[in-house]
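Biologist: I am new to this model and would like a close look at a single part of it, followed by the surroundings of the ligand. Could you take me through them slowly?

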Amino acid sequence: MSVSQTRMTALITGASSGIGQAFAEEYAKRGLDLIVVARKADPLQLLADRLGAQHGVTVTVMPGDLTDPETPLRIFDQLSARHINVDILVNNAGFGVPGNLCDVAWPRHRDTIEVMASAPVRLCHLFAPAMQKRRSGRIINVASLSAFLPPHAGGTLYYPVKSYLAQFSLALRAEMKADGINVTALCPGFTHTGFQDAAGGTVESVAIPKWMWSDANDVAQAAIRAVERNKPICIPGVFNKAVAVFFKIMPGAVGRFIVGR
Ligand SMILES: NC(=O)c1ccc[n+]([C@@H]2O[C@H](COP(=O)([O-])OP(=O)(O)OC[C@H]3O[C@@H](n4cnc5c(N)ncnc54)[C@H](OP(=O)(O)O)[C@@H]3O)[C@@H](O)[C@H]2O)c1
């Protein structure tokens with residue numbers, strides 16, 4: 001399956017901003033129809049109008065809150081009723097959760113698990129069977145470079161959730177390989193998006209030098225290349241790749257000390 005040869009449809013969660021919007025732009029450039037999901041309908045509609053006019057693709061706007069466990073099934077049912085197949089699923093919606101476990105109100109933790117752990121798995125469970133029947137499909141799960149970092153204070157939930165999503169993605173890839181479905185975990189480092197603002201700004205974001213930041217479109221392009229090549233993990237950028245290797249070979253105690261600092 002080559003994304004440039006056949007008219008296909010990509011479903012992208014968290015497409016109203018940042019990396020998700022970049023995925024929408026990159027897939028629209030390649031001539032794919034899109035289904036875009038996020039809570040805010042207005043930016044999704046603006047995106048749909050712009051990409052439809054620029055690239056002649058059909059963009060279906062599906063506002064939805066993935067903190068609601070019913071949302072994935074609602075999306076699936078609405079698309080099924082309209083006979084829209086999903087060829088590419090990008091589980092991208094997410095947000096940061098700064099602060100220690102007990103300093104953050106429970107609903108925020110519950111939403112973290114729902115949006116970044118449950119919803120991606122549920123969406124795979126709903127859309128992958130049809131991909132299996134067609135013996136063709138692509139799934140990108142947007143985890144994070146933080147999946148490779150040692151556990152540390154202040155990252156009690158976000159980091160483990162992203163590790164879980166990366167591990168889930170690897171296992172799913174192994175299961176789907178024989179069905180012609182490529183599955184890639186995208187693990188970006190710091191990327192210019194609305195992420196930092198949505199998290200209320202973090203100390204790290206101020207202290208991190210500019211050269212460490214990636215552009216959202218570069219990240220989306222790297223992920224699309226990776227999933228086409230059926231790469232299990234995509235870490236965009238040389239520096240980010242080096243960070244992942246560094247923490248892989250570092251003894252755990254040293255890694256935890258460095259991240260803790
Ligand atoms: N930026 C980084 O430095 C970075 C690094 C590593 C990994 N990531 C990951 O990349 C992914 C995309 O984040 P981003 O950086 O592009 O941030 P962003 O610009 O804030 O975009 C996040 C997207 O997720 C959507 N979203 C948030 N909560 C949602 C909910 N309850 N239901 C449905 N959609 C929801 C947002 O739309 P609405 O607000 O309209 O719902 C938005 O479209 C996330 O999974 C994040 O963890 C980001």
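Modeller: Leaving aside neighbours within four places in sequence, Thr184 is in contact (heavy atoms within 4.5 Å) with ten residues that I can list in order: Ile139, Ile140, Asn141, Ser169, Ala226, Val227, Lys231, Pro232, Ile233 and Cys234. This is a predicted model, in which local features need pLDDT of at least 70 and side-chain atom pairs count only at pLDDT 80 or more, while totals for chains, interfaces and linings use all residues. Residues are numbered from 1 along each chain as its sequence is written, and side-chain values use heavy atoms, with hydrogens and water left out. Thr184 belongs to strand S6, residues 181-186 (a DSSP run of E, at least two residues), and Thr184 is buried, with a relative accessible area of 0% (buried means under 20%, with a 1.4 Å probe and protein chains only).

Turning to the ligand, 30 residues surround it (each with a heavy atom within 4 Å), and Ser16, Ser17, Arg39, Lys40 and Thr193 come nearest. The side chain of Ser17 has an N or O atom 2.4 Å from a ligand oxygen, a polar side-chain atom of Lys40 lies 2.7 Å from an oxygen of the ligand, and Gly94 places a backbone N or O atom 3.4 Å from a ligand oxygen. Taken alone, the ligand exposes 880 Å², of which the protein buries 96% (Shrake-Rupley areas, 1.4 Å probe). Helix H1 (18-29) and helix H5 (158-176) are the elements that give two or more residues to the shell around the ligand (helices are DSSP runs of H or I, at least four residues).

Terms used
Buried < 20%, exposed > 50% of the residue type's maximum accessible area, 1.4 Å probe, protein only. Polar contact = N/O pair within 3.5 Å; in protein donor to acceptor, adjacent residues only side chain to side chain.
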